[in-house]
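Work through the exercises below with the sequence and the coordinates open side by side. Each task is followed by a solution that goes step by step.

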Amino acid sequence: MTKIVKTTANILFPFTMIFGLYVIAHGHLTPGGGFQGGAIVASGCALLLVAYGSPWVFDHIKDKRLATFESLGAIGFITIGLLGLIFGAVFFGNFLAGSGSLFGTTPATGSTLADFNTGGVLPLMNFAVGVKVIAGLFVIILVMAYASSIKEWS
Amino acid sequence: MTFLETLLQQSPVLIIATPLLSAFLMPLVSRIHAKVRDVFALVVLGVTSCFVGLLASDVLSHGPRIYIFGAQNLSFPLVRILFEVDSMGVFMAIITVMLASIAVVYSWSFLHQQDGLDKYYTLLLLVVTSALGMELTGDIFNFFVFLEISCIASCALIAFWVDEGEALEAAFKYIVVSSIGALFVLFAIGIFYAQYNALNIATLAHLLQFTFLDKIVLAILLVSLGMKAGLAPMHMWMPDSYGRAPPSIILIIMSATLASVYGILRVMFTLYGNVLTTSLRFSLPAHVIIGWILIALAIVSILIGVIMALVQTDLLRLIGYAGVAEIGYMFLAIGTSIVALGTSYATVALHGGLFHILNDALDIGLLFLVAGAIYYVTKKRSLDDISGLARSMKFTTVFFIIGALAVAGMPPLNGFTSKFLIYESVYQVNPILSIIALLGSILLLAIFIKVLYAAFLGPELPELKDVKEAPRSMLLAMGFLAVFAVVIGLFPNLVLDTLVKPAATALLDHAQYISMVVGGL
């Protein structure tokens with residue numbers, strides 16, 4: 001692509017990333033969550049793919065590492081469920097909520113500002129889903145780019 | 001509380017969580033070594049089977065259990081996701097883990113050194129998870145989620161031999177049919193939620209008014225789950241995908257298919273259990289009309305299955321059509337038990353139908369594994385290209401004969417018991433149905449005798465001179481199924497009394513299922 005497109009992508013890429021990570025991290029407070037934020041981050045990666053072309057991306061990204069991250073996201077999600085079983089006596093039990101530690105503050109009632117440090121295991125689950133969706137969607141985009149870069153198929 | 005009691009209390013969720021967690025561990029484990037991956041898959045299913053066994057022994061002796069996600073007690077029954085496990089769910093879960101373990105053992109040799117096996121085992125464990133989830137859940141939306149998982153994972157598994165174009169076509173057909181089915185299930189759940197503000201099966205069954213919308217929902221659920229189960233007019237995906245998927249996969253997809261049959265049973269007997277006897281029109285009760293519709297579809301399934309199997313030359317496709325006929329037998333029994341709800345032979349028919357779910361899994365599964373063994377050693381699918389295999393594949397021939405006779409319902413084998421129960425109960429509704437069912441069995445026997453002569457007997461072909469017996473792990477897998485078939489055939493009461501009859505009782509006793517959750521409401 002031309003220099004204009006590449007420069008625009010360079011400027012937009014960090015903002016897309018930050019917005020995506022914001023949506024993931026604030027999943028328990030605002031609309032959105034792991035899936036939506038992950039899709040935003042993956043669309044930022046698609047921006048790079050369009051601007052710099054698939055050969056450049058294939059050189060810089062290892063698909064095996066993405067597959068590992070995808071597995072880790074899913075494993076993390078189920079592990080949180082199992083930790084709930086161990087510490088909270090039931091699967092997906094919210095053992096962090098109200099405990100005062102990480103994400104453990106009980107939110108104030110009434111019209112207050114959103115407290116990020118609430119929600120118990122929900123933000124952790126959002127992070128796990130986010131990792132999985134970023135890696136999974138990016139792999140899908142890469143496969144499509146790879147398939148369309150093969151000339152013999154057409 | 002002892003450790004075993006805690007384990008028992010948590011076992012409904014551990015049955016789901018173990019294969020689900022290991023499905024995603026599989027890509028990491030398979031980087032260590034191929035052997036580790038193969039053993040890991042079997043160990044995971046072994047652990048899951050232990051949990052199923054633990055849960056089964058408790059449920060069969062102490063009645064249904066419920067498991068509440070994310071909370072200790074049932075304070076808000078309408079918003080919590082519940083697992084409700086009764087004898088019926090346990091019976092299906094046992095079939096699922098058995099089929100899955102056998103499929104894993106079989107695929108050790110069958111798919112030896114093929115590409116993408118880490119993804120294969122991941123998807124396999126996901127289908128197992130989804131089938132187990134459908135069988136244990138007490139929440140109808142949860143049921144839909146697991147149904148969708150099984151659709152997508154099975155579709156990818158059917159296309160495993162993606163270099164053959166036809167596998168891709170079969171997978172595409174499967175995903176179209178099953179996604180439409182799953183979306184209609186979602187639509188039906190939406191109608192329920194709009195009317196009753198509940199998603200829990202027991203709560204819904206308690207609140208159900210049998211309004212006009214509920215009748216539409218019943219039709220949608222029957223058709224879309226029947227589509228997934230391979231009932232006659234919607235059976236077209238079944239021979240295609242069974243004919244093109246690797247046979248070890250077919251066992252797994254079969255367990256998902258049987259989970260859909262379970263879904264229909266749960267909808268009919270539990271969800272609509274309270275209202276089945278209300279009269280619809282012309283003072284005919286609902287259960288008579290629905291039962292006769294099911295019987296008609298079942299008869300069509302049996303006839304289409306056997307007639308289409310008669311003309312096939314592709315062995316895997318042929319067995320796929322025989323599988324359609326077997327599904328027909330199950331629904332014949334289920335339909336009969338619904339038509340005659342409350343009479344003694346309705347219970348007998350239900351026993352026959354449930355027992356036939358197990359026997360279909362064993363017999364059709366065995367035949368698919370035998371066909372897979374033939375494909376493995378000869379690389380040929382058509383019956384025209386193979387002949388005289390009995391000379392080199394002695395064990396496989398014996399397993400084929402056992403499977404064929406069991407499918408046809410010959411006396412010393414397991415198929416006989418369930419089919420006999422079906423014949424004698426169906427006879428009391430209408431003798432003609434029983435005659436058609438018998439005719440179907442005779443035709444199935446004729447078809448498989450033809451296959452026996454074409455593939456195993458007859459002259460030895462020169463190009464098949466150096467064919468060897470199938471590898472040991474495949475023989476082991478087939479042997480397990482064959483031994484089960486013979487043992488259940490010789491001692492049917494072993495299974496009938498311990499598993500099938502409690503399952504039928506649990507299905508017919510919908511009041512208990514409802515009161516487990518609704519209780520004080």
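**Exercise 1. In which loop is B:Lys379 found, and is B:Lys379 buried or exposed?**

Solution. Begin with the chain path: B:Lys379 is found in the loop between helix H13 and helix H14 (394-408) of chain B, where helices (H or I, at least four residues) and strands (E, at least two) are DSSP runs, numbered from the N terminus. Next, read the backbone angle, since B:Lys379 has a positive phi of about 60° although it is not a glycine. Finally, count neighbours: B:Lys379 counts as exposed because 8 C-beta neighbours lie inside 10 Å; by the rule used here, a residue is buried if 20 or more other C-beta atoms lie within 10 Å of its own, exposed if 12 or fewer, and partly exposed in between, with C-beta atoms placed from the backbone.

These values come from a predicted model, in which local features need pLDDT of at least 70 and side-chain atom pairs count only at pLDDT 80 or more, while totals for chains, interfaces and linings use all residues. Residues are numbered from 1 along each chain as its sequence is written, and chains are lettered from A and ligands numbered from 1 in the order in which they are written.

**Exercise 2. Where is B:Asn197 found, and what is its phi?**

Solution. B:Asn197 is found in the loop between helix H6 (165-196) and helix H7 (201-207) of chain B. Its phi is near 60°, a positive value in a residue other than glycine. The neighbour count is 11 other C-beta atoms within 10 Å, so B:Asn197 is exposed.

**Exercise 3. Test the length of helix H2 (residues 34-62) of chain B against its number of residues, and list its buried residues.**

Solution. The expected span of a helix is 1.5 Å times one less than its number of residues, so the 29 residues of H2(B) should span 42 Å, which agrees with the 42 Å between its end C-alpha atoms. The buried residues of this helix are B:Asp38, B:Ala41, B:Val44, B:Leu45, B:Thr48, B:Ser49, B:Phe51, B:Val52, B:Leu55, B:Ala56 and B:Val59. What covers them includes H1, strand E1 (65-68), strand E2 (82-85), helix H3 (87-110) and helix H4 (117-136) of chain B. Past its end comes B:Gly63, whose phi is positive, near 85°.

**Exercise 4. Make the length test for helix H12 (residues 315-339) of chain B, and state how many of its residues are buried.**

Solution. With 25 residues at 1.5 Å each, H12(B) should span 36 Å, and its end C-alpha atoms are 36 Å apart, which agrees. As for cover, 25 of its 25 residues are buried.

**Exercise 5. Which residues have the most contacts inside the largest nonpolar core, and which helix gives the most to this core?**

Solution. A nonpolar core is a set of buried Ala, Val, Leu, Ile, Met, Phe, Trp, Tyr and Cys residues joined through C-beta atoms within 7 Å. The largest one has 245 residues, and those with the most contacts inside it are B:Leu157, B:Ile158, B:Ile252, B:Leu332, B:Leu366 and B:Met478. Helix H13 (residues 344-378) of chain B gives the most to this core, with 20 residues.

Now take one of these residues: not counting residues up to four places away in sequence, B:Leu157 touches B:Leu123, B:Leu124, B:Val127, B:Ala245, B:Ile249, B:Ile252 and B:Ile253, a contact being two residues whose C-beta atoms, placed from the backbone, lie within 7 Å.

**Exercise 6. Describe the surroundings of B:Leu354.**

Solution. B:Leu354 lies in helix H13 of chain B. With 29 other C-beta atoms within 10 Å, B:Leu354 is buried. Leaving aside its neighbours within four places in sequence, B:Leu354 is in contact with B:Phe91, B:Val500, B:Ala503 and B:Ala504.

**Exercise 7. How many residues does each chain give to the contact between chain A and chain B?**

Solution. The contact takes 14 residues from chain B and 15 residues from chain A. On the side of chain B, the largest share, 9 residues, comes from helix H1 (residues 3-29) of chain B. By class, that side has 11 nonpolar, 3 polar and no charged residues, where Ala, Val, Leu, Ile, Met, Phe, Trp, Tyr, Cys and Pro count as nonpolar, Asp, Glu, Lys and Arg as charged, and the others, Gly among them, as polar.
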